[in-house]
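Q: Please take a close look at one short stretch towards the end of this chain, and then set it against the rest of the model. I would like the surroundings of its side chains described with care, together with the cut-offs behind each term.

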Amino acid sequence: MSQRYLQQMITPTVSAVQDQFYGRHQSPGSGSAPDQLGADEINFIESRDSFYMATTSESGWPYLQHRGGPIGFFKVLAPDKLGFADYRGNRQLLSTGNLAHANRVALFLMDYPTRGPVSYTHLRAHET
């Protein structure tokens, strides 16, 4: 898991729960620069034919949406910027509306064929 993402996730409440259950808490490393994707992550991302995208609504509820297409529909545009072909869906625009409210997104990329381990990267949604 990237250090910057871990910094975002380990809040004072999470640290307190870690202390309660384990007698200590995890201290993420420092760093304020956005995480950068490496060659392994780029190859993994660009070889997917689907992924799941999670956003949060104005009411605070998460929304998880499947996105799919042919291999290569999901691209790394820069070391900290991703893009994907947006095929017509159900026209509800839930993710789009959520991203207009809060430009944060969590991506879940599965390796179903090999069931191999995957590292996680946190990226901010970019306006186009």
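The segment around Asp111

A: Asp111 lies in the segment that follows strand β5, where helices (H or I, at least four residues) and strands (E, at least two) are DSSP runs numbered from the N terminus. The model is predicted, so local features are given at pLDDT of at least 70 and side-chain atom pairs at pLDDT 80 or more, while totals for chains, interfaces and linings use all residues. Residues are numbered from 1 along each chain as its sequence is written, and side-chain values use heavy atoms, with hydrogens and water left out.

Asp111 counts as buried because its relative accessibility is 17%, the classes being buried under 20%, exposed over 50% and partly exposed in between, with a 1.4 Å probe and protein chains only. The side chain of Asp111 also makes a polar contact of 2.4 Å with the side chain of Thr114; such a contact is a pair of N or O atoms within 3.5 Å, where within protein one can donate a hydrogen and the other accept it, and sequence neighbours count only if both atoms are side-chain atoms.

Met110 is found in that segment too, after β5, which spans 106–108. Whereas Asp111 is buried, Met110 is partly exposed, at a relative accessible area of 33%. Together with Leu64, Phe108 and Tyr112, Met110 forms a nonpolar surface patch whose accessible area adds up to about 400 Å². Patch members have over 30% relative accessible area and no salt bridge (Lys or Arg side-chain nitrogen within 4 Å of an Asp or Glu carboxyl oxygen), and nonpolar side chains (Val, Leu, Ile, Met, Phe, Trp, Tyr) are joined within 5 Å, like charges within 9 Å. Areas come from the Shrake-Rupley method with a 1.4 Å probe, and for residues only the protein chains shown count as cover.

To place this segment in the whole, the protein chain has 4 helices and 5 strands, which follow one another along the sequence as α-α-α-β-β-β-β-α-β. Of its 128 residues, 23% count as buried, and the chain exposes about 9,100 Å², with 54% of that supplied by carbon and sulfur atoms. Among contacts (heavy atoms within 4.5 Å) between residues at least 6 apart in sequence, 57% join residues at least 24 apart.

The loop between β4 (81–84) and α4 (94–101) holds Leu93, which is not a glycine and yet has a positive phi of about 60°. Leu93 counts as exposed, with a relative accessibility of 60%. Tyr87 sits in the loop between β4 and α4 as well, but Tyr87 is partly exposed, its relative accessible area being 42%. Apart from neighbours within four places in sequence, Tyr87 is in contact with Arg67, Gly68, Gly69, Pro70 and Phe73; Gly68 is 19 residues away along the chain, with 8.2 Å between the two C-alpha atoms.

A further buried residue is Gln18, with a relative accessibility of 17%, and its place is in helix α2, residues 12–22. Leaving out residues up to four places away in sequence, Gln18 touches Ile10, Gly23, Arg24, His25 and Gln26.
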